[in-house]
Protein chains: 2
Amino acid sequence: MAVPKSELQRRLGVFADTFRRKGLRATHQRMEIFRELAASDEHPDAETVYQRVVKRVPAVSRDTVYRTLASLEDQGLIRRTAVLGGPARYDANTKRHHHFVCTKCGSVKDFHSEALDDLSIPRSVKAFGRIGSAHVQVRGVCSACIGPRARPR
Amino acid sequence: MAVPKSELQRRLGVFADTFRRKGLRATHQRMEIFRELAASDEHPDAETVYQRVVKRVPAVSRDTVYRTLASLEDQGLIRRTAVLGGPARYDANTKRHHHFVCTKCGSVKDFHSEALDDLSIPRSVKAFGRIGSAHVQVRGVCSACIGPRARPR
DNA sequence: GTATTTGCAAAGCGTTTGCAGGTCT
DNA sequence: AGACCTGCAAACGCTTTGCAAATAC
């Protein structure tokens, strides 16, 4: 689940560069909020990010977490994913990937697949408009929720 | 966009059967709410369903629309799809299909593709848990939002 | 007759916003 | 100085819920 140190360093570098280039400020709060996402492959929601960051930076507020996440998303540093009936999930993995979503607890897991990356969008879809990206969402029940002591959300 | 009359009849039949079998009541309101979804290939949100149904059944309330949509979803008669930052969209097309989502106005359009239906989920995903369904979501900007007089939401 | 369903109103949750004070350059 | 950022609190949009009256079977 943990991101390799080298990749984390790379992500933090991209973050600092991007913000500097746009004239935005890489404040302590923003740094810690981004680090929280960049250091793990989980897809926490805003409240979870807040709970974790507030331990290290007690002065941070929920609003700042929301605003920072929106700002990071605008800069393309993180992605937001909607999950049915739950809060939005955030994700610092900007490489092309797909999602497994647990319909019980709402957890999201990334997976990679070259085969799926190349999937061909039917011609008919082009008639709908300009196509941006395509990704696969697999729904199912994660092992934690199936397991002997399931703790569904 | 309109569903063929024969398909509409079929859907209404399934609705009546399913509710009867489960001991639920096929009230006037529920019938009209389901018909609104079953008669079209759009993916309206709850508010839109309410606005349309209330024209024909002025006595219906928003709460009943929400409750009925939840109930129809429980029975597997409709599907709910989350769209980033917007209200949930509902959909009476229970055949396997995929979605085009407009990132400007949030509209959702169905498309079918045998090639995509057969996409092979990588072995590694099975490790996450029990796999239910897989579907492709294409994001882009619909022609209405690109068009000469774009009216983004 | 009885369990279900409805409308109303109020609360709930996740999220966004206006504002005044504070911070960085 | 000037732009940006923060925390606070209040508002927001979407959705769910408790309750008493109405309804379907």
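**Two protein chains and two DNA strands: a first look**

Hi everyone, let's begin with how chain A folds back on itself: among its contacts between residues at least 6 apart in sequence, 51% join residues at least 24 apart. Please keep in mind throughout that this is a predicted model.

Staying with chain A, its secondary structure comes to seven helices and five strands. If you follow the chain from the N terminus, the order of elements is α-α-α-α-β-β-β-β-α-α-β-α. Along the principal axes, the C-alpha atoms of chain A fill a box of roughly 45 × 45 × 30 Å. Chain A has 153 residues, and 45% of them are buried.

Let me pick one helix to show you what that burial looks like. Which residues of helix α3, residues 46–56 of chain A, are buried? They are Ala46(A), Val49(A), Tyr50(A) and Val53(A). These residues cover an arc of only 100 degrees around the axis, so they sit on the same side of α3(A). And what lies over them? The cover on the buried residues of α3(A) includes α2, α4 and β2 (89–91) of chain A.

Now, the two chains together. Chain A can be laid on chain B by a turn of 179 degrees with a shift of 0.0 Å along the axis, and the RMSD is then 0.1 Å. That is how a two-fold axis relates its copies. If you want to find the axis from chain A, look for Val136(A), because its C-alpha is the one nearest the axis, 2.2 Å from it. The copies meet through the same surface, since 100% of the interface residues of chain A are also interface residues in chain B.

On to the DNA, starting with strand D. There are 17 residues around DNA strand D, and those that come nearest are Arg25(A), Arg30(A), Ala59(A), Asp63(A) and Thr64(A). Of the atoms of this strand that come within 4 Å of the protein, sugar and phosphate account for 58%. Which elements supply at least two residues each to the surface near DNA strand D? From chain A we have α2 (28–38) and α4 (62–74), and from chain B α4 (62–74). By class, that surface has six nonpolar, four polar and seven charged residues.

Here are some individual atom pairs. A polar backbone atom of Arg25(A) is 2.8 Å from a phosphate oxygen of DNA strand D. The bases are reached too: a polar side-chain atom of Arg67(A) lies 2.9 Å from a base nitrogen of the strand. From the other chain, the side chain of Arg25(B) has an N or O atom 3.4 Å from a base nitrogen of DNA strand D.

Finally, strand C. DNA strand C is surrounded by 18 residues, the closest being Tyr66(A), Arg30(B), Ala59(B), Asp63(B) and Thr64(B). Sugar and phosphate make up 58% of the atoms of DNA strand C that come within 4 Å of the protein. Here α4 of chain A, along with α2 (28–38) and α4 of chain B, each supply at least two residues of the surface. The classes come out as seven nonpolar, four polar and seven charged residues.

Chain B provides several polar contacts to this strand. A backbone N or O atom of Ala59(B) is 2.3 Å from a phosphate oxygen of DNA strand C. In the side chain of Ser61(B), an N or O atom lies 3.2 Å from a phosphate oxygen, while a polar side-chain atom of Gln29(B) is 3.1 Å from a sugar or linking oxygen.

Thanks for listening, everyone!

Terms used: Residues numbered from 1 in each chain as written. Chains lettered and ligands numbered in written order. Predicted model: local features only at pLDDT ≥ 70, side-chain atom pairs only at ≥ 80, totals over all residues. Heavy atoms only, no water. Least-squares fit on C-alpha atoms with pLDDT ≥ 70 in both. Contact = heavy atoms within 4.5 Å. Near = heavy atom within 4 Å. Polar contact = N/O pair within 3.5 Å; in protein donor to acceptor, adjacent residues only side chain to side chain. Helix = DSSP H or I, 4+ residues; strand = E, 2+ residues; numbered from the N terminus. Nonpolar A, V, L, I, M, F, W, Y, C, P; charged D, E, K, R; others polar. Buried < 20%, exposed > 50% of the residue type's maximum accessible area, 1.4 Å probe, protein only. Arc of directions from axis to C-beta.
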